[in-house]
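Please load the model in your viewer and keep a selection panel at hand. The stops below go from pairs of charged side chains to an enclosed space and then to the chain as a whole.

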Amino acid sequence: MRKTSLDTVLRVKCKHRVGQLARLATVVAEQGGLLGDITTLRIVESDTLREITVETQDEEQRDRVIEAVRAIDGVELLDAIDRVFDMHKGGKLHMTSRIELRHQRDLRYIYTPGVARVARAIEREPERARHLTGIGNSVGIFTNGTRVLGLGHVGPLASLPVMEGKAVLYDKFVGISASPILVDTLDPREFVDTVLRLSLTFGGIHLEDIRIPDCYKIEEELIERLDKPVMHDDQHGTATVALAALLNACKMTGVSLEKARVGQIGLGAAGSAIARLMMAHGARDVLVTDRSEEAMAWLKGLGAHPVDLPTLMREADIVIAATGRPGLIDPKWIRPGQVIFPLSNPDPEIEPVDALAAGAAYCSDGRSINNALAFPGLFRGALAVESRAITPEMRIAAARAIASCAEKGEVVPSPLLPHVHEAVCEAVVEAARAQGLEGTARLTPRR
């Protein structure tokens, strides 16, 4: 299966004659590139100016395509634009004002002297800051860059493009103002202290790309110390979408999730959270396996059943893998009728086509399990109802909402559909109210 990863826009000036574009397309194909969008910018009597998007697997192949295009008689390559780097120039975020400033009175209202009245009001009643500032619609995205998906420990600065991307999704999907915060420490204690000192700024705390086991300790202590939503997205966002996908996969195959034996291979941040959410949802029996005895012992204490890999593959009706180990699952281990979710990206533990050929009733890899389906609506709902926490019940409600939005034949919908995030938000609000969490959030940390 081809895994394209680079889009390059070639700006070319071609002689205006028959077959010139076809020759260019042939050269790109001979180098293994795929043609995407072709936009004609200008046509004059002698030449045509076009922008042509070419997909390649890596930079080496892209460079071969560029050199081959340069060598075409009658084609002048004016520019080669890396679409990813082009979109990142200047960063993906810019803070803007929601207040228009046109008249002198506007200045008096939003700044001195009028702003002093609002500051005094918050001094007297700190919780009014939720509605008199942007705090009630804000999330801080905290990371130290120690476990960036697909990259590993790249450090906080290199993780910033990822955090900016998360902030864009918050803004575009649910209208939340999110700010990346880079925490330059490997010490979990220092990380927690940093978040606590900055927590007044935000209505919710989004933890991202933190290595295990630090992410567990950090999230646990922040939940204990803060009466506002705290969630490590790599754990719970991923688990929420995985549950949504399983709900629909089980519906397609006639498997009962509540009665099935669920097997979780890999107990890192995502895997352990998936296993816990399956248990919270009511799965009858959750089998777990990992190279870490400590991880298996921890899940055993929560009600899971540690087993070795062959036993899990033999006994589980549903198999979920999140190990980062491509090809881990041998097709001959597949039991006919199993539902298989190999979630590691970019290369799964088993290719879906191989699992289906071996008798799996259903198999889908991790490309569809996009946590962007979950975290925006989860925080939007929690902030809207002023809940002090995002609970397993709220995540289960979100998973059911996501599953309900999928079209026939899909396990999950596209995250680009606005109604999906609206449905998640509504489900989270209802779940929070049912748990008596409405109005329980507080801005200041516990002492």
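How many salt bridges does a search of the whole structure find? The search finds 27 salt bridges, and it should be kept in mind throughout the tour that this is a predicted model.

**First stop: Asp-82 and Arg-62**

Select Asp-82 together with Arg-62, and you will find a salt bridge whose closest N and O atoms are 3.4 Å apart. Because Asp-82 belongs to strand β4 (residues 75–82) while Arg-62 belongs to helix α2 (residues 59–70), the pair ties together parts that are 20 residues apart in sequence. Is Asp-82 buried or exposed? Asp-82 is buried, its relative accessible area being 16%, and Arg-62 also counts as buried, with a relative accessibility of 16%.

**Second stop: Glu-224 and Arg-446**

Next, select Glu-224 and Arg-446, whose side chains meet in a salt bridge with an N to O distance of 4.0 Å. This pair links distant parts of the chain, since Glu-224 is in helix α9 (residues 214–225) and Arg-446 is in the segment after α17 (418–434), with their positions 222 residues apart in the sense that they are 222 residues apart. If you colour by accessibility, Glu-224 counts as exposed at 51% relative accessibility, whereas Arg-446 is partly exposed, with a relative accessible area of 32%.

**Third stop: Asp-317 and Arg-335**

Now move to Asp-317 and Arg-335, where the side chains meet in a salt bridge of 3.4 Å, taken from N to O. Here both partners are in loops: Asp-317 is in the one between α13 (309–315) and β12 (318–321), and Arg-335 is in the one between β12 and β13 (339–342), so that the pair links distant parts of the chain, 18 residues apart. Asp-317 counts as partly exposed at 25% relative accessibility, and Arg-335 likewise counts as partly exposed, at 28%.

Before leaving the salt bridges, select Arg-189, Asp-193, Glu-221 and Arg-225, which are joined into one network by salt bridges that share partners.

**Fourth stop: the cavity**

Which residues line the largest cavity? Select Thr-8, Leu-10, Val-54, Thr-56, Arg-62, Val-65 and Ile-66 to display the lining. The elements that give two or more residues to this lining are β1 (6–15), β3 (47–56) and α2, and α2 gives the most, with three residues. In character, the lining residues divide into four nonpolar, two polar and one charged. Arg-62, already selected for its salt bridge with Asp-82, is thus met again in this lining. The space in the largest cavity is about 30 Å³, and a search of the whole structure finds one cavity of 30 Å³ or more.

**Last stop: the whole chain**

Finally, clear the selection and zoom out to the protein chain, in which there are 17 helices and 14 strands. Taken along the principal axes, its C-alpha atoms fill a box of roughly 75 × 75 × 40 Å. The chain has 447 residues, of which 49% count as buried, and its accessible surface comes to about 22100 Å², with 52% of that belonging to carbon and sulfur atoms. Among the contacts with a separation of 6 or more, 69% are accounted for by residues 24 or more positions apart.

Methods: Residues numbered from 1 in each chain as written. Predicted model: local features only at pLDDT ≥ 70, side-chain atom pairs only at ≥ 80, totals over all residues. Heavy atoms only, no water. Helix = DSSP H or I, 4+ residues; strand = E, 2+ residues; numbered from the N terminus. Buried < 20%, exposed > 50% of the residue type's maximum accessible area, 1.4 Å probe, protein only. 1 Å grid on protein atoms, 1.4 Å probe; cavity = no way out; pocket = protein on both sides within 12 Å on 5 of 7 lines; lining within 4 Å. Points joined across faces, edges and corners; volume = space filled by probe spheres on them. Nonpolar A, V, L, I, M, F, W, Y, C, P; charged D, E, K, R; others polar. Contact = heavy atoms within 4.5 Å. Areas by Shrake-Rupley, 256 points an atom, 1.4 Å probe, with all protein chains shown as cover.
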